[in-house]
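Colleague: Before we discuss the packing, could you bring up the model, so that we can go through it together?

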Amino acid sequence: MNTIYMSTKELYVHFLECSGISTDTRKCEVGTMFFALKGATFNGNAFAKKALEDGCKYAVIDDPALMTENNPRLLLVEDVLKSLQDLAHFHRQKWGKRIIAVTGTNGKTTTKELLASVLSTKYKILYTQGNLNNHIGVPITLLSLREEHELAVIEMGANHPGEIAFLAQIASPDMGIITNVGKAHLEGFGSFEGVIKTKGELYDYLRLYGEHTVFVPKENHYLTAMTAGLKCIYYGKSAEGLYVQGDVLNCSPYLQFSWTYKGQQFEVTTQLIGDYNLENALVAIAVGLYLGVGEQAICEALATYQPQNNRSQYEDTGKNKLIVDAYNANPTSMRKAIENFERMKFTNKMLILGDMKELGENTKAEHQAVVDLLGASKSFQRIILIGENFGQTNHSFEHYNTTKEVADLFTNQPPMHYQILIKGSNSMKLPQLIPYL
């Protein structure tokens, strides 16, 4: 007997009957469509019946053995993940409105959030929640599109060549932003050149499809060199031909900047930490203006945006003042954070830095480069390095292998009256130190 698999079009008919989708039986909502995804340590097919019992309207599976019961709420496909991706693309095409794709080594999540803040003053928008920016997260986001949405902002992440091209094919964006290119996920990309090529896959897609429109930081020669055949909206500090020009006025600790459009100047005091966020703000302004958002609305949206999830957050604990930038770290973002902190007009500065991950054969050299940067500075009164990678470098700073060791140290000897930058990869769990500071 031949196995009959459901097509994307057939699956879409059932999807329209549902209130949304689910990929986790622990978070199933009544009326949703469950996708039985597989992972290294789990097989979602085993939880399909539980999903239906918990209220899911349908369960999408790829194990024919489960079809023996002839349950009409079990929908058999050849590959659940591919069906999720194909369904997302099909739904995006049916929705048919404009999508802005955002990628880059650093700043893509903050940029996405700023775009959402600015654009939502004029449009009903959908934007990527959290870090749902991969081959599963992007489809999940796209399947949340509803008729009332007028625009979508989709974040795209990558740690291997070809991933941005793949995500662009699924999301079919009309406009695009590459915030920058830097040294991150070198283990997967193989080299910095691999990073540039992979991020550039967004430009490659838009060169062929969509509105061919990209928003480009004019001073970034890596990106400007890749824009042939595209409609470029430039932003930056002082280059010629800028759509939006901006300059940092102050950054102690919050970013305050001015921006100019058609000869008119505006000032914004944000709740963002770090002058490296200027470009993120400028591209949000550029997109907003391009899509008809008023200047004052843009200023208010940028001023009221509050960063979340340990992304450059400022906290006064009463004992110390903390800049917590511990969601992620790579050589580019680490250097920018340190140099920005160095420029801040604070006294009694302290650094707590954790290992950077996924650097492959570049691990030792990139950690040594950070240590060398610190050694050349006289701006920091205390420096604590955490992790095995920093432990393999040549330095004379305080070093501990784990965050717990530092927590134990602070339990008995808590730092007092410091301005502290906390920066490291998410897996180092540096925010666990905050209660001790």
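Colleague: How are helix 4 and helix 12 oriented to each other: roughly parallel, roughly antiparallel, roughly perpendicular or oblique?

Modeller: This is a predicted model, in which local features need pLDDT of at least 70 and side-chain atom pairs count only at pLDDT 80 or more, while totals for chains, interfaces and linings use all residues. Residues are numbered from 1 along each chain as its sequence is written, and side-chain values use heavy atoms, with hydrogens and water left out. Helix 4 (residues 108–119) and helix 12 (residues 295–304) pack with axes 8 Å apart at about 135 degrees, the axes being lines fitted to C-alpha atoms over the stretch in contact and the angles running from 0 to 180 degrees between N-to-C directions. Since angles under 35 degrees count as roughly parallel, over 145 as roughly antiparallel and 65 to 115 as roughly perpendicular, the two helices are therefore oblique.

Colleague: Which residues of helix 12 does helix 4 meet?

Modeller: Contact means heavy atoms within 4.5 Å. From helix 4, Leu114, Ser117 and Val118 take part, and they meet Ile298, Ala301 and Leu302.

Colleague: How many residues of the largest nonpolar core come from helix 11?

Modeller: A nonpolar core joins buried Ala, Val, Leu, Ile, Met, Phe, Trp, Tyr and Cys residues through side-chain atoms within 4.5 Å, buried meaning under 20% relative accessible area with a 1.4 Å probe, protein chains only. The largest has 63 residues, and Leu119, Phe257 and Trp259 have the most contacts inside it. Its largest share comes from helix 11 (residues 278–290), with 9 residues.

Conventions:
Helices (H or I, at least four residues) and strands (E, at least two) are DSSP runs, numbered from the N terminus. Buried means under 20% relative accessible area, exposed over 50%, partly exposed in between (1.4 Å probe, protein chains only).
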